Amino acid sequence: MAAYREGIDIDMSRAKAKKLRLSGGHGWRAQANHKILVLGRGAVRLEYPETWVVDATDDCVKIHDKPPPDDDCVLGVSCHHWPAIAAHELTVAALVREALESDERSLLKLDPIVEETRMDLTLAWGQGRFIDPLANREACARLCIARKAEIQALITFDFWLSDLALCHAQWNAFLASLQLGQWVADPQRGPSLS
């Protein structure tokens, strides 16, 4: 695990990214050559390659492998609060299936939904393919919904079908680093115990 000197904390209610200079002994840790994305003071946390480019939009944070328009893949991350009672009525797998089926790009082929239950969260993800109209090239769209209590993370990942092997490994790393509801009072201090 490598220490990390600066980070990004996103307040999704205002959709503004702040690059923060971290205090000494901050406690944030990421694997080598990665940075940490934190949404809502720890509502959502995941790691991404340090060379990737971060952009906050009105509804999510987008992380590109290269500056657009020369990017080959883009990860989208957002955080939503979901009433705990409603969470029992709709499974994350059902939400993923519904989102993929209603995708405005008219996905050509939907793969089976993958479900995972961890000690503190549940997640499901699926994938479909589409033809990018600008490049006239086949691309993949992945979508994951992860839930812990009232916190729900929506993660999307679009990439070229020709990059499937590399992007599948990256996707697995994103999901392996995903944490929900690991609150911190001050993102600059991180989860420091001092």
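Q: Among contacts in this protein between residues at least 6 apart in sequence, what share joins residues at least 24 apart?
A: The share is 52%. The model is a predicted one. One pair with that spacing is leucine 107 and isoleucine 131, 24 residues apart in sequence. Their C-alpha atoms are 8.3 Å apart in space.

Q: What elements make up the protein, and how much of it is buried?
A: It has three helices and 14 strands. Of its 194 residues, 44% count as buried. The exposed surface is about 10400 Å², with 53% supplied by carbon and sulfur atoms.

Q: Why is leucine 107 called buried?
A: Buried means under 20% relative accessible area. Leucine 107 has 15% relative accessibility, so it counts as buried. This residue sits in the loop between helix 2 (92–101) and strand 10.

Q: Which residues does leucine 107 contact, leaving aside its neighbours within four places in sequence?
A: They are Leu100, Gly128, Arg129, Phe130 and Ala141. Each counts as a contact because heavy atoms lie within 4.5 Å.

Q: Why is strand 6 (residues 44–49) called largely enclosed?
A: Six of its six residues are buried, so the rest of the structure largely encloses it.

Q: How do you know that strand 5 (residues 34–39) and strand 6 pair?
A: A pair needs at least two bridges. Strand 5 and strand 6 have six, so they pair, and they do so in the antiparallel sense. Leucine 37 faces leucine 46 of strand 6 across this pairing. The hairpin of the two strands has four residues between them. There, glycine 40 takes a positive phi near 55°.

Q: What makes strand 6 and strand 14 (residues 179–180) a pair?
A: The cut-off is at least two bridges. Strand 6 and strand 14 have two, so they meet it. The sense is antiparallel. Here arginine 45 has glutamine 179 of strand 14 as its bridge partner.

Q: How many bridges join strand 10 (residues 114–117) to strand 11 (residues 122–132), and in which sense do they run?
A: Four bridges join them, and the strands run antiparallel. Four passes the cut-off of at least two, so strand 10 and strand 11 pair. Valine 114 is bridged to tryptophan 125 in strand 11. The two strands form a hairpin, with four residues between them.

Q: How many disulfides does the structure hold?
A: It holds zero. Cysteine 167 is in no disulfide, and the nearest cysteine sulfur belongs to cysteine 73, 4.4 Å away. A disulfide needs the two sulfur atoms within 2.5 Å, so this pair does not qualify.

Q: Why do cysteine 60 and cysteine 167 count as buried?
A: The limit is under 20% relative accessible area. Cysteine 60 stands at 11%, so it counts as buried. Cysteine 167 stands at 2%, so it counts as buried too.

Q: What volume does the largest pocket have, and which residues lie nearest its centre?
A: The pocket holds about 770 Å³ of space. Lys62, Val74, Arg105, Thr156 and Asp158 lie nearest the centre, and the whole lining counts 30 residues.

Q: Which strands each supply at least two residues of the lining of the largest pocket?
A: Strand 8 (61–64), strand 9 (73–81), strand 11, strand 12 (137–148) and strand 13 (151–160) do. Strand 9 gives the largest share, seven residues.

Conventions: Residues numbered from 1 in each chain as written. Predicted model: local features only at pLDDT ≥ 70, side-chain atom pairs only at ≥ 80, totals over all residues. Heavy atoms only, no water. Buried < 20%, exposed > 50% of the residue type's maximum accessible area, 1.4 Å probe, protein only. Areas by Shrake-Rupley, 256 points an atom, 1.4 Å probe, with all protein chains shown as cover. 1 Å grid on protein atoms, 1.4 Å probe; cavity = no way out; pocket = protein on both sides within 12 Å on 5 of 7 lines; lining within 4 Å. Points joined across faces, edges and corners; volume = space filled by probe spheres on them.
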